[in-house]
Amino acid sequence: MAFVSLLRSSACRGMAGQVQVLSNASRLSAGSSSSLILLKSAVKPQAGLSGVSRQQLGRTNQVQFFSVSPKSYSAGAGHSHSNLWTIERALSAALIVIIPAALASPNKLLDTIAAVSLVMHCHWGVEANVVDYIRPIIFGKTIPKIALAGVYVLSIVTMAGLLQLIYNDIGFANTVKKIWRM
C-alpha cells in the first residue's frame with residue numbers, strides 16, 4: 001500500500017518519476033524472495049508532452065504481477081528439489097541404522113552400503129555449502145563451476161578410496177574399529 005501511495009504522490013506525477021521509482025523498486029526487490037505487485041499509473045495527457053506517445057498515456061492502473069523467488073526459477077528447470085530434500089532426510093535417518101549395523105557385523109555388503117551412504121550424505125552437504133556460499137554474483141561465473149566440479153571430484157575420489165579399502169584391504173568397519181583401538 002505504501003508503494004502504491006508513493007506512486008500516486010506528487011513526487012511521482014510525471015512519467016519520468018514513475019519510471020525512476022519503478023526501476024529503483026525492481027532493483028531493490030531483486031534480492032528478496034517475495035512476490036511484488038507494481039502499479040503503473042499513467043500521466044494524464046497534457047499538451048506539448050514530448051517523447052511519450054498517446055498509447056502509453058492511455059494505459060492507466062495496469063497491475064503487473066511478478067515473482068523473484070527461487071521457486072519460479074527452479075520450476076522452469078524441471079527439477080523437484082522437494083523430492084531431493086526428502087531423499088536427503090531419509091538417508092540421514094537411515095544412517096542411524098546403517099552405521100551401527102556395519103560396525104556390529106563387518107562384511108563387504110554392509111561396508112559398501114555404509115560407504116555409499118556416507119559419501120552421498122557428505123556430497124550433498126558440501127554441495128549445498130558450495131552452491132550457497134560460492135555464488136556467481138560474487139565470484140563470477142567460472143569459480144562456482146570449478147568449485148562444484150571440485151566437490152564432484154572429491155566425492156568420486158573418496159568413494160574410490162573407500163571401495164579400495166573395502167574390497168582390497170580389511171574393510172571400512174574394521175578400519176574404524178582399528179582406529180578406535182588406538
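This is a short talk about one predicted model, going from the overall fold to a few residues in its helices.

Okay, so keep in mind throughout that we're looking at a predicted model. Let's start with the whole chain. You've got 182 residues here, and 24% of those are buried. There are nine helices and two strands. If you walk along the sequence, the order goes α-α-β-α-β-α-α-α-α-α-α, so to speak in shorthand. As for contacts, take the ones between residues at least 6 apart in sequence: 57% of them join residues at least 24 apart.

Now, helix packing. Have a look at α5, which is residues 81-104, and α9, which is residues 172-181. Their axes sit 8 Å apart, and the packing angle is about 80°. That's why we can call α5 roughly perpendicular to α9, given that anything from 65 to 115 degrees falls in that class. Who's touching whom? On the α5 side it's Ala-102, Leu-103 and Ala-104, and on the α9 side it's Ala-173, Val-176, Lys-177 and Trp-180. Sort the residues in that contact by class and you get six nonpolar, one charged and no polar.

Next up, helix α6, which runs over residues 108-133. I've picked three residues from this helix.

Start with Ser-117, which is in α6. Buried or exposed, then, for Ser-117? Buried: its relative accessibility is 7%, and the cut-off for buried is under 20%. If you ignore its neighbours within four places in sequence, Ser-117 is in contact with Leu-91, Leu-95 and Ile-98.

Then there's His-121, also in α6. UniProt, in an unreviewed entry, lists His-121 under "binding site". This one comes out at 34% relative accessibility, so His-121 counts as partly exposed. Which residues does His-121 contact, once we leave aside the neighbours within four places in sequence? Those are Leu-91, Ser-92 and Leu-95. With Ser-92 there's something extra for the chemists: the side chains of His-121 and Ser-92 make a polar contact at 3.3 Å.

The third pick is Tyr-133, again in α6. UniProt has a "binding site" feature at Tyr-133 too, and again that's from an unreviewed entry. Tyr-133 has a relative accessible area of 60%, and because the line for exposed is drawn at over 50%, Tyr-133 is exposed.

Moving along to helix α8, residues 142-168. There's an unreviewed UniProt annotation, "transmembrane region", covering residues 146-167. What does the model show for residues 146-167 in terms of helix and strand? The span is 100% helix and 0% strand, and its end C-alpha atoms are 31 Å apart.

One residue to look at in α8 is Gly-161. Gly-161 has a relative accessible area of 39%, so it's partly exposed. If you want a distance to check in your viewer, try Gly-161 to Ala-115: the two are 46 residues apart along the chain, and their C-alpha atoms are separated by 9.9 Å.

To recap, then: α5 and α9 pack at about 80°, His-121 has a side-chain polar contact with Ser-92, and the span annotated "transmembrane region" is 100% helix in this model. Happy to pull any of that up on the screen.

Key: Residues numbered from 1 in each chain as written. Predicted model: local features only at pLDDT ≥ 70, side-chain atom pairs only at ≥ 80, totals over all residues. Heavy atoms only, no water. Axes fitted to C-alpha atoms, helices over the stretch in contact; angles between N-to-C directions. Helix = DSSP H or I, 4+ residues; strand = E, 2+ residues; numbered from the N terminus. Parallel < 35°, antiparallel > 145°, perpendicular 65-115°, else oblique. Contact = heavy atoms within 4.5 Å. Nonpolar A, V, L, I, M, F, W, Y, C, P; charged D, E, K, R; others polar. Buried < 20%, exposed > 50% of the residue type's maximum accessible area, 1.4 Å probe, protein only. UniProt positions renumbered as here; feature names shortened; annotations may be inferred. Polar contact = N/O pair within 3.5 Å; in protein donor to acceptor, adjacent residues only side chain to side chain.
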